[in-house]
Amino acid sequence: MKKLLLGIVIAAGLIACEGDRGPQGPPGQDGLTIIGQTYEYENVDFTYEPAANLYSRLLEVPSEIEVLESDAILVYRLEVVSGDNGPIETWSLIPQNFFLPQGTMQYVYNHTAADVELLIDGNFDLSTLDAGFTTNQVFRFVVVPSDFAKDPKINIETYDELEKAVLCLLYTSPSPR
């Protein structure tokens with residue numbers, strides 16, 4: 001059923017594309033890059049900043065990872081939960097909120113092409129936050145290429161328009177990866 005639905009979505013996207021297929025790209029060029037890159041940081045410890053009442057940690061993007069200014073970076077935090085057959089690793093997309101007896105705290109982030117700043121923010125005195133939230137954390141970073149969004153002919157105002165644009169680019173790209 002999922003394959004049938006995917007086929008219908010792709011077919012609908014291809015039918016909705018306007019114009020002729022573009023010219024073949026230059027030899028040796030891969031065309032549109034649509035596959036993101038992923039990297040992880042383990043054993044992340046946050047530093048408490050009393051003046052701002054938050055925790056922070058600045059992590060550089062590894063040199064082997066190419067991030068363009070137009071790319072998006074998604075951040076996931078590892079959580080290990082108990083399962084019937086032992087521990088299970090789960091990944092939670094940030095921002096992630098926790099409702100604690102003291103109040104609410106959340107993991108948030110911001111990024112540039114060179115680094116990602118992880119923050120723990122909250123509405124109570126975070127110096128009292130359990131070390132389980134601030135030490136030995138594992139984060140996964142997913143770089144999502146979005147340089148195609150610079151094209152003024154592509155409407156990214158709504159998710160439906162963005163989806164149609166991506167499908168059209170996949171169809172017309174000389175050699176998508």
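**View 1. The whole chain, and who touches whom.** In this predicted model, residues 24 or more positions apart account for 64% of the contacts in the chain with a separation of 6 or more. Follow the chain along its sequence and you'll read the pattern α-β-β-β-β-β-β-β-β-β-α. That's two helices and nine strands.

**View 2. Inside and outside.** How much of the chain is buried? Of its 177 residues, 28% are buried. As for the outside, the chain exposes about 11600 Å², and 55% of that comes from carbon and sulfur atoms.

**View 3. The largest nonpolar core.** Here you're looking at a set of 25 residues. Which members touch the most others? They are Met105, Tyr107, Leu118, Phe139 and Phe141. Several strands chip in: β1 (37–44), β3 (54–60), β4 (72–83), β7 (103–111), β8 (115–122) and β9 (137–144) each supply at least two residues of this core.

**View 4. Zooming in on Phe141.** Let's skip the neighbours within four places in sequence and see what else phenylalanine 141 is in contact with. The list includes Gln37, Thr38, Tyr39 and Tyr41, along with Leu59. Phe141 also contacts Ile73, Leu74 and Val75, plus Val116 and Leu118.

**View 5. Asp71 in its loop.** Find the loop between β3 and β4, and you've found the place of aspartate 71. Is Asp71 buried or exposed? Its relative accessible area is 7%, and buried means under 20%, so Asp71 counts as buried. Now look at where its side chain goes: the side chain of Asp71 reaches the backbone nitrogen of leucine 68 at 2.9 Å.

Methods:
Residues numbered from 1 in each chain as written. Predicted model: local features only at pLDDT ≥ 70, side-chain atom pairs only at ≥ 80, totals over all residues. Heavy atoms only, no water. Core = buried A, V, L, I, M, F, W, Y, C linked by side-chain atoms within 4.5 Å. Buried < 20%, exposed > 50% of the residue type's maximum accessible area, 1.4 Å probe, protein only. Helix = DSSP H or I, 4+ residues; strand = E, 2+ residues; numbered from the N terminus. Contact = heavy atoms within 4.5 Å. Areas by Shrake-Rupley, 256 points an atom, 1.4 Å probe, with all protein chains shown as cover. Polar contact = N/O pair within 3.5 Å; in protein donor to acceptor, adjacent residues only side chain to side chain.
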